[in-house]
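Welcome to this short briefing. Take a moment to find your way around the structure below, and then follow the topics in turn.

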Amino acid sequence: PLVTTKEMFKKAYEGGYAIGAFNVNNMEIIQGITEAAKEVNAPLILQVSAGARKYAKHTYLVKLVEAAIEETGLPIALHLDHGDSFELCKSCIDGGFTSVMIDASHLPFEENIRITKQVVDYAHSKGVVVEAELGRLSGVEDDVKVAEHEAIYTDPNEVEEFVERTGVDSLAIAIGTSHGAYKFKGEPKLRFDILEEIQRRLPGFPIVLHGASSVIPEYVEMINKYGGQMPGAKGVPEDMLRKAASMAVCKINIDSDLRLAMTATIRKFFAENPGEFDPRKYLGPAREEIKKLVKHKLINVLGCAGKA
Ligand code: G3H
Ligand code: 13P
Ligand code: ZN
Ligand code: NA
């Protein structure tokens, strides 16, 4: 069934694991992710960005997710990723999403509270849950670019007041991750001390980790070998993700790894089969690779296999 994240997060918090939140943009991506989750019996969050909604159209994505639920029978939450306005959140709530993120983390604290509370009031009246963000990730957040040195970690002093005054259901925090395939110039480093302090201040409250792709080196190598150019691509080491999942982090966002799996597979296919022009011939293996990748994440990184 289509569900909210409420029950998922409660069980994940208590069980010391995290739910995978995977970005979806088309049918093959949705099929690859949901077939993997079905095989290992994992609960799932499928998330749609403003860009995805613009690319594939709201109705197509909702219907594809409904089809995946019918095919798999899994509990799946349909979530808006990085909503930037009340209007966008409302449109997704009215259009069948069970969860929305309002990301007003770039605004001053009081403004962030005001707009988040406005979304929470509307969402809760419709049985929908809300994720908000405090602190800013470095890298690319949709159209907003935040340079690495400008990254502002979440201030643990603000979290209790923010959660209390907004009534939000989960909180995305900034502890050193960033979006995209170039997360660290030197050694990867996350501020687990900040996460620890936040979970001490908000016992039992679900925390969300964005920018959590590990930028799997095998895919980067494949892309570079078959004509791509991604020098210096680097992600969050899996050990750090496992550690976060064992703590208050209940939702781990993954998009870039899906993109890399798909692109690496298709580049290899074209390099080896220059005469092929049937999209099923390259989208099929790409879907299969996404399935393999997601199974790996669910079992070995997030720890949510068998928890559906
Ligand atoms: O937060 C970023 C996600 O990876 C979504 O990316 O806005 O290009 O769809 P997008
Ligand atoms: P990655 O770019 O690390 O996959 O992060 C995705 C994300 O946070 C979507 O909101
Ligand atoms: Zn994000
Ligand atoms: Na956890």
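Tyr17 is buried, because its relative accessible area is 5% and the limit for that label is under 20%. Keep in mind that you are looking at a predicted model. Tyr17 is a good place to begin, since it is one of the protein donors of the sodium ion (ligand 4).

**The sodium site**

- The sodium ion (ligand 4) has as its protein donors the O atoms of Tyr17, Ala245, Met247 and Val249, which lie 2.3 to 2.7 Å from the ion.
- Along the chain, these donors follow the spacing Y-x227-A-x1-M-x1-V.
- Tyr17 sits in the loop between α1 (6–15) and β1 (19–23), while Val249 belongs to strand β11, so this pair ties together parts that are 232 residues apart in sequence.
- Is Val249 buried or exposed? Val249 counts as buried, because its relative accessibility is 0%.

**The zinc site**

- Which residues hold the zinc ion (ligand 3)? The zinc ion is coordinated by His82 through NE2, His179 through NE2 and His210 through ND1, at 2.0 to 2.1 Å.
- The spacing of these donor residues in sequence is H-x96-H-x30-H.
- Two of them, His179 and His210, link distant parts of the chain: His179 is in strand β9 (residues 178–179), His210 is in the loop between β10 (207–209) and α9 (217–225), and they are 31 residues apart.
- His179 counts as buried because its relative accessibility is 19%, and the cut-off is under 20%.
- His210 is buried as well, with a relative accessible area of 1%.
- His82 is found in strand β3 (residues 76–83), and at 8% relative accessibility His82 also counts as buried.

**Backbone angles to look at**

- As background, most residues other than glycine have a negative phi.
- His82, the zinc donor in strand β3, has a positive phi of about 55 degrees although it is not a glycine.
- Val215 also has a positive phi, near 50 degrees, and is likewise a residue other than glycine.
- Where does Val215 lie? Val215 is in the loop between β10 and α9, and this residue counts as buried at 2% relative accessibility.

**How two helices meet**

- To describe two packed helices, people give the angle between their axes and the distance between the axes.
- For helix α10 (residues 238–246) and helix α12 (residues 279–302), the axes come within 9 Å and cross at roughly 65 degrees.
- That angle makes α10 roughly perpendicular to α12, because the label covers angles of 65 to 115 degrees.
- On the α10 side, the contact is made by Glu238, Leu241, Arg242 and Ala245, and on the α12 side by His296, Asn300, Val301 and Leu302.
- Sorted by class, this contact has 4 nonpolar, 2 polar and 2 charged residues.
- You have met Ala245 before: this residue of α10 takes part in the helix contact and gives its O atom to the sodium ion (ligand 4).

**Around Asp255**

- Asp255 lies in the loop between β11 (249–254) and α11 (256–272).
- Asp255 counts as buried, with a relative accessibility of 16%.
- The side chains of Asp255 and Arg259 are joined by a polar contact of 2.9 Å.
- Which residues does Asp255 touch, not counting those up to four places away in sequence? Asp255 touches Asn23 and Ser213.

Definitions and conventions. Residues are numbered from 1 along each chain as its sequence is written. Chains are lettered from A and ligands numbered from 1 in the order in which they are written. This is a predicted model: local features need pLDDT of at least 70, side-chain atom pairs count only at pLDDT 80 or more; totals for chains, interfaces and linings use all residues. Side-chain values use heavy atoms; hydrogens and water are left out. Helices (H or I, at least four residues) and strands (E, at least two) are DSSP runs, numbered from the N terminus. Buried means under 20% relative accessible area, exposed over 50%, partly exposed in between (1.4 Å probe, protein chains only). A polar contact is a pair of N or O atoms within 3.5 Å; within protein, one must be able to donate a hydrogen and the other to accept it, and residues adjacent in sequence count only if both atoms are side-chain atoms. Contact means heavy atoms within 4.5 Å. Donors are N, O and S atoms within 2.8 Å of the metal (3.2 Å for Na, K and Ca); water is not among the atoms, so sites may look incomplete. Axes are lines fitted to C-alpha atoms, for helices over the stretch in contact, and angles run from 0 to 180 degrees between N-to-C directions. Angles under 35 degrees count as roughly parallel, over 145 as roughly antiparallel, 65 to 115 as roughly perpendicular and the rest as oblique. Ala, Val, Leu, Ile, Met, Phe, Trp, Tyr, Cys and Pro count as nonpolar, Asp, Glu, Lys and Arg as charged, and the others, Gly among them, as polar.
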